[in-house]
Amino acid sequence: MGVGIKLDPNYLSPEASPAEISQWQDRVDYVHSVLVDGTGPGAAFLGWLYPDALMPAELLSGIEATAVRLREKADVMVVIGIGGSYLGARAVIEALAGSDAGRVVFAGQTLAPDYIASLLKSLKGKRWCINVVSKSGTTTEPAVAFRLLRAALEEQVGVEAAKDLIVATTDPDAGKSALRRVATTKGYELFDVPPNVGGRFSVLSAVGILPIAFAGVDVRALVKGAANCCAACETSAVKSNPAYYWVAARNLLYRQGKSIELLATWDPRLLYFAEWWKQLVGESEGKDHMSLFPASVQYTTDLHSMGQWVQDGRRSLLETFISIEDASPSVRIPDDPDNADGLNFLTGTEIGEVNRKAFEGTALAHRDGGVPNMTISIPKLDAYHLGALIYFFERGTAVSGYLLGVNPFDQPGVEAYKTNMFALLKKPGSEAKSAEVLRRVEEGRKLAPIGFE
C-alpha cells in the first residue's frame, strides 16, 4: 500500500520556485545522512525514526490486550499527561475515534482549578480508569492531577480495585522515574516511555498507542502508515520526497524573511492534530532566537476571523494547507422553492464539494495576497494515512532542525518557567533561588495595575 501523501507546490512561486528548491538538494542530502547515521546533535533520541522498531509486534499486542481489559472494566479513560504525553494521543483520537472520542478525557495538561473540579465531578458515578503518562513522574501538572484523580478513584472503588484500573507509562529506569517507583509499589501495570524518544515524537510508542487503542482506533494501521512513510523517506531527493520538499521550501522562505508558518486545516477533526504539530515544530526548532513560528487555523471557520489578517496583514506568512481528498460522507444541499438565500444554484451539490472549492479559492486568494502556500494532501482521513502524516511531519521537522543548525531533540527553554514556579512555590531544594525570584517578581510590580474605577 502506498503512502498516499502528495505535496502541491504550485503556489509557492515566485518566492520559492522549483529551481530554487532544487538548490537545497546538497544541504538536504547532508542532513538526511546526519539523521539516518545518527551523527547529529540529539542522536540519543532517534528511537522514533523507525516505527516498526519503536512499536514491535509483541509490544503492540500487549498494549491492545491491556486496552481490551480496560474497556471491559471502564467506560472512560482519563489520560494524565502534558505536552507530548497527551497531545499526540489526543490528536489521533479526535481525528479518528468518532463517537468513541468521548471515552478518553484528559487531565494534567492544565492547572486551572475549574477544569479539574469539573472533570472530577463528571467522573462521579461512572466506570473509569487512569493512564498516567510521565517520564519522570515529577512534572508538576500531571503529578498534581494524578494525586487528585488517584485519590478519587480509590475512594470510589477502593484501593485494591483501583490497582487494576491504573496503568502507568513512564521511564523504564526506576532511578529516574518517581512514577515507576510508585507504580511498582502499588502494583499498577506498567509500560515504558522509550528513553531514546522525546515526548513530542512519542505518539507511536506506548505513550500514545494505549489511549488510542482504548478509543477504538486501528493502531496497527496507524503504525503501518508511519512505517511505510518511513520507508518512502529513504530517498533524500527533494523532488520525490514531499516531506523534504516541505522542509526545503519552508527553510528557503524563512531565509527570505518569512517568520510565521500557518498550518491550515479544512476539517474540524484535525484541530488537535494542528496542536500536536505546533508542539512538534515549536519545541524542535525554536532555539537560538530563530526559526519559523508555528501557528494554525481551522478553515472555513477562521476565514471569518483570521482570514482578513492572512489576506491583507503583514506579509510575514507562509501557509501549509492539509487537504483530505475524500469528501465523504455524502451530504447534499436540498432545493428550496423560494430560493430566499439565493443558493439554488447549489441544489444537489455535496457539502464536501463546496468545502473543496472554498479551499481552492482560498489558496488562490492568499497567493494573490502575497502569501506563498503549499498543500499537503492525503486520500482519506483514516488510521493508515494519519499515521503516515504523523511520520511525515516528524521526519521533516527533524531534518528541518538540522538545516537550521539546532538540536531538534532537546527543549532547554521549557525549564525556565519551572525553575521560577518551583522557587515561588518554595519547593524543597529551591530556597536559594526562591529569594531571588521573589525579589525579581516584586521589582516587576513597581507600576500599579491599571483598572477601571
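This briefing walks through the pockets, the cavity, the salt bridges and a few surface and core residues of the structure above. Please keep in mind that the model is predicted. The largest pocket has a volume of about 790 Å³, and the second largest pocket comes to about 480 Å³. There is also one cavity of 30 Å³ or more, and a search of the whole structure turns up 16 salt bridges. One pair to watch for is Glu285 and Arg250, which form a salt bridge and also appear in the lining of the largest cavity.

**The largest pocket**

- If you want to find this pocket on screen, start from its volume of about 790 Å³ and then look for Lys135, Thr139, Gly199, Gln411 and Lys418, which are the closest to its centre of the 29 residues that line it.
- Helix H13 (271–285) and helix H17 (415–425) each supply at least two residues of this lining.
- H17 gives the most to the lining of the largest pocket, with three residues.
- By class, the lining of the largest pocket divides into 11 nonpolar, 11 polar and seven charged residues.

**The second largest pocket**

- This pocket has a volume of about 480 Å³, and of the 21 residues that line it, the closest to its centre are Trp266, Asp267, Ala327, Gly352 and Asn355.
- Strand S9 (317–324) and helix H15 (351–368) each provide at least two residues of the lining of the second largest pocket.
- H15 gives the most here, with seven residues.
- The lining of the second largest pocket is made up of 10 nonpolar, five polar and six charged residues.

**The cavity**

- The largest cavity has a volume of about 40 Å³.
- Its lining consists of Arg250, Asn251, Tyr254, Glu285, Ser291, Leu292, Ser400 and Leu404, and the elements that give two or more residues to this lining are helix H12 (242–255) and helix H16 (383–404).
- H12 has the largest share of the lining of the largest cavity, at three residues.
- Sorted by class, the cavity lining holds three nonpolar, three polar and two charged residues.

**Salt bridges**

- As background, side chains of opposite charge can pair when their charged atoms come close.
- Glu285 and Arg250 form a salt bridge, with their closest N and O atoms 3.0 Å apart; this pair links distant parts of the chain, with Glu285 in helix H13 and Arg250 in helix H12, 35 residues apart.
- Both Glu285 and Arg250 are buried.
- Arg127 forms a salt bridge with Asp75, and their closest N and O atoms are also 3.0 Å apart; this pair too joins distant parts of the chain, 52 residues apart, with Arg127 in the loop between helix H6 (113–123) and strand S4 (128–133) and Asp75 in the loop between helix H4 (57–73) and strand S2 (76–80).
- Arg127 counts as partly exposed because its relative accessible area is 39%, and Asp75 is partly exposed at 37%.
- Glu275 and Lys278 meet through their side chains in a salt bridge of 2.9 Å, N to O.
- Both Glu275 and Lys278 lie in helix H13, three residues apart, which is about one turn of the helix.
- Glu275 is partly exposed at 29% relative accessibility, and Lys278 is partly exposed at 23%. Turning to shared partners, salt bridges join Arg250, Glu261 and Glu285 into one network.

**Surface and core**

- Leu111, Val144 and Leu148 make up a nonpolar patch on the surface, and together they have about 220 Å² of accessible area.
- Leu148 sits in helix H7 (residues 140–157) and is partly exposed, with a relative accessible area of 37%.
- Is Ala168 buried or exposed? Ala168 counts as buried because its relative accessibility is 0%.
- Ala168 belongs to strand S5 (residues 166–170).
- The C-alpha atoms of Ala168 and Val132 are separated by 5.0 Å, although these residues are 36 residues apart along the chain.

Technical notes. Residues numbered from 1 in each chain as written. Predicted model: local features only at pLDDT ≥ 70, side-chain atom pairs only at ≥ 80, totals over all residues. Heavy atoms only, no water. 1 Å grid on protein atoms, 1.4 Å probe; cavity = no way out; pocket = protein on both sides within 12 Å on 5 of 7 lines; lining within 4 Å. Points joined across faces, edges and corners; volume = space filled by probe spheres on them. Helix = DSSP H or I, 4+ residues; strand = E, 2+ residues; numbered from the N terminus. Nonpolar A, V, L, I, M, F, W, Y, C, P; charged D, E, K, R; others polar. Patch = residues over 30% accessible without salt bridge, like charges linked within 9 Å, V, L, I, M, F, W, Y side chains within 5 Å. Areas by Shrake-Rupley, 256 points an atom, 1.4 Å probe, with all protein chains shown as cover. Salt bridge = Lys/Arg side-chain N within 4 Å of Asp/Glu carboxyl O. Buried < 20%, exposed > 50% of the residue type's maximum accessible area, 1.4 Å probe, protein only.
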